[in-house]
Structures are given as structure tokens and as C-alpha cells.
Amino acid sequence: MGEFPTTIGDIDAPWLTQTLQKAGALDGATVVDFEAESIGVGVGIMGLLHRIHLRYDADGSGPATVVVKLPTDGPGARHVARVFRFYEKEVGFYRDLAAHSPMATPECFLASHEIDADEFVLLLADVTEGVVYSQLDGCPPDVAHIAARTLARHHAAFAESPLFDRPDLAWLPFASDSPTPEGVIQGVGDAWPTFKELFPELVTPELESIVPRYLAV
């Protein structure tokens, strides 16, 4: 299995016990068995999500369920993740920055990334009370308002932060670093004709003049 599992089939009870013990999540318990169910199908397009139902011996206790996130098995999405360093950045956030954000995040028991193969694993607390809204249908306006304000507080907490002078955060790229600008330009350019076709009522003269100039910047 190497340093950490790269597929759900690589996970076993000893690895779960060792990882949760190291994170301080077990009270003398040993994982003796577990069941894994796939979750977030069609939502987590850049990764695979599984909820792990844990069974312990009689000597202690631990979380009833945890969530594991692993790389996607889709080659196209995997390529995008590598180019834009999505896995490296997500693992780095949980490992180095989540504790500094005012935004609530799940407790992270393990965040590991292997840079050469671009493999990663996140083992997280199961936020069972959360609600996932469809990206196609959207969410209610009051929920969107909460999300926008929460994201604003998150970004404000890091604006011009001295944290980024730390050598151990040298992995964190700027949004202006290649290939992000090139990817944004290509994405907007590719989507613009379809957007105009599907939502003609939103294509104002101002927007018609802005998009070509935006793509040229």
C-alpha cells in the first residue's frame, strides 16, 4: 500500500486503526472491521468520496463513521487536477491552513500528498448534519447568502497575512501563477458561445464588450 492508500481497496482495518490512533481519535479502541459506501457521486468530480462505517473491539471507542477522499479515476479530471495542483493545494490547506480560517471545516485525521505521482488521501470527520445542494439546481437564496458571507470572512482572514512568509507555505501558488490564468482564459472562451446560446437574456451589451477584452488580458 505504500505510505497511504490510493484506492478504496487499499484501505484495511490496521491502517484505519493506526491513522485514527495517531490523530488522537480513538479511546483505546482497535478497528476490527468496516464497510465503505461511495458518496458524492456526480458531485465530487475531482475526487472519490467514501463514508467508512467503523466497527471496534470492546476495549474502547471512536467515531462511528469517517470520510475518505481519494483521487478521481477519470483520466481527464486527473490531468486537470495535476496541472492546477488541486490535490496538493487541498491537502496543504487541511494540513497547514484550516486551523487559521474562521470558516468551519471537518476535523482532519490525515492529509497526505505524494507529489511525484500526485496521489493523495484525506481522512476527515463525517459531517453528517451537512446538506449538499445540486450544482445544477442551486441552493436557496438565504443559504447562498450565508455561504458568500462565510467565504468573505475566510478570504479576509488571509488577506496580506504574514502567514505566507513562512517557508513551509512555499508550496502555495498565487492565482496569477501559470497555468491558472491560461486555464481561466481557455475555460471562459470555451464556455462563452454556449452561455450566449443558453442564456441570451443575460447577454447584455456591456457583457458582450467585456468578455473579448477579458480574454485578451
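A residue counts as partly exposed when its relative accessible area falls between the buried range, under 20%, and the exposed range, over 50%. By that standard Arg 55, at 37% relative accessibility, is partly exposed. Arg 55 is a handy way into this predicted model, since its side chain meets that of Glu 35 in a salt bridge, with 3.6 Å from N to O. Arg 55 belongs to strand β2 and Glu 35 to strand β1 (residues 31-39), so the pair ties together parts that are 20 residues apart in sequence. Glu 35 is likewise partly exposed, because its relative accessible area is 47%. Asp 33 joins the picture as well, as Asp 33, Glu 35 and Arg 55 are linked in a network of salt bridges.

It helps to set this network against the overall architecture. The protein chain has six helices and five strands, and along the sequence these follow the pattern α-β-β-β-α-α-β-β-α-α-α. Taken along the principal axes, the C-alpha atoms fill a box of roughly 70 × 40 × 35 Å. Of the 217 residues in the protein chain, 29% are buried. Among contacts between residues at least 6 apart in sequence, 55% join residues at least 24 apart. The chain exposes about 13,500 Å², and carbon and sulfur atoms supply 59% of this area. As for charge, there are 14 positive and 32 negative side chains, and the centres of the two sets lie 5 Å apart.

A search of the whole structure finds nine salt bridges. Besides the pair already described, strand β2 takes part in another through Arg 51, whose side chain meets that of Asp 126 at 2.6 Å, N to O. Arg 51 lies in strand β2 and Asp 126 in the loop between β5 (119-125) and α4 (141-158), so this bridge ties together parts that are 75 residues apart in sequence. Asp 126 counts as buried because its relative accessible area is 15%, under the 20% limit. A further salt bridge joins the side chains of Glu 119 and Arg 78, at 3.2 Å from N to O. Here Glu 119 sits in strand β5 and Arg 78 in helix α2 (residues 75-83), so the parts tied together are 41 residues apart in sequence. The two partners fall on either side of the 20% limit: Glu 119 is buried at 19% relative accessibility, whereas Arg 78 is partly exposed at 22%.

Strand β2 (residues 47-56) also holds His 50. This histidine counts as buried because its relative accessibility is 12%. Apart from neighbours within four places in sequence, His 50 is in contact with Ile 8, with Glu 37, Ser 38 and Ile 39, and with Val 66, Val 67 and Val 68.

Aromatic side chains offer another view of the model, which holds six aromatic pairs. One of them joins Phe 158 and Phe 164, with 6.1 Å from centre to centre and 40 degrees between the planes, a tilted arrangement. Phe 158 is buried, with a relative accessible area of 11%, while Phe 164 is partly exposed at 35%. Elsewhere, Trp 192, Phe 195 and Phe 199 form one aromatic cluster.

A few features of the backbone deserve a look of their own. Most residues other than glycine have a negative phi, and most peptide bonds are trans. Against that background, the peptide bond from Ser 178 to Pro 179 is cis, with omega near 10 degrees. Pro 179 lies in the loop between α4 and α5 (180-198). Two loop residues other than glycine can be added for their positive phi. Arg 85 has a phi near 60 degrees and is found in the loop between α2 and α3 (86-97). Its relative accessible area of 30% makes Arg 85 partly exposed. Asp 118 has a positive phi of about 55 degrees and lies in the loop between β4 (108-114) and β5. In contrast to Arg 85, which is partly exposed, Asp 118 is buried, with a relative accessible area of 5%.

Finally, helix α1 (residues 13-22) includes Pro 14. Pro 14 counts as exposed because its relative accessible area is 59%, over the 50% limit. Pro 14 and Cys 139 are 125 residues apart in sequence, and their C-alpha atoms are 40 Å apart in space.

Conventions. Residues are numbered from 1 along each chain as its sequence is written. This is a predicted model: local features need pLDDT of at least 70, side-chain atom pairs count only at pLDDT 80 or more; totals for chains, interfaces and linings use all residues. Side-chain values use heavy atoms; hydrogens and water are left out. Helices (H or I, at least four residues) and strands (E, at least two) are DSSP runs, numbered from the N terminus. Buried means under 20% relative accessible area, exposed over 50%, partly exposed in between (1.4 Å probe, protein chains only). Contact means heavy atoms within 4.5 Å. Accessible areas come from the Shrake-Rupley method with a 1.4 Å probe; for residues, only the protein chains shown count as cover. Lys and Arg count as positive and Asp and Glu as negative; His and the chain ends are not counted. The place of a charge is taken as NZ of Lys, CZ of Arg, CG of Asp or CD of Glu. Rings of Phe, Tyr and Trp (its six-membered ring) pair if their centres lie within 6.5 Å; planes under 30 degrees apart count as stacked, over 60 as edge-to-face and the rest as tilted. A salt bridge is a side-chain nitrogen of Lys or Arg within 4 Å of a carboxyl oxygen of Asp or Glu.
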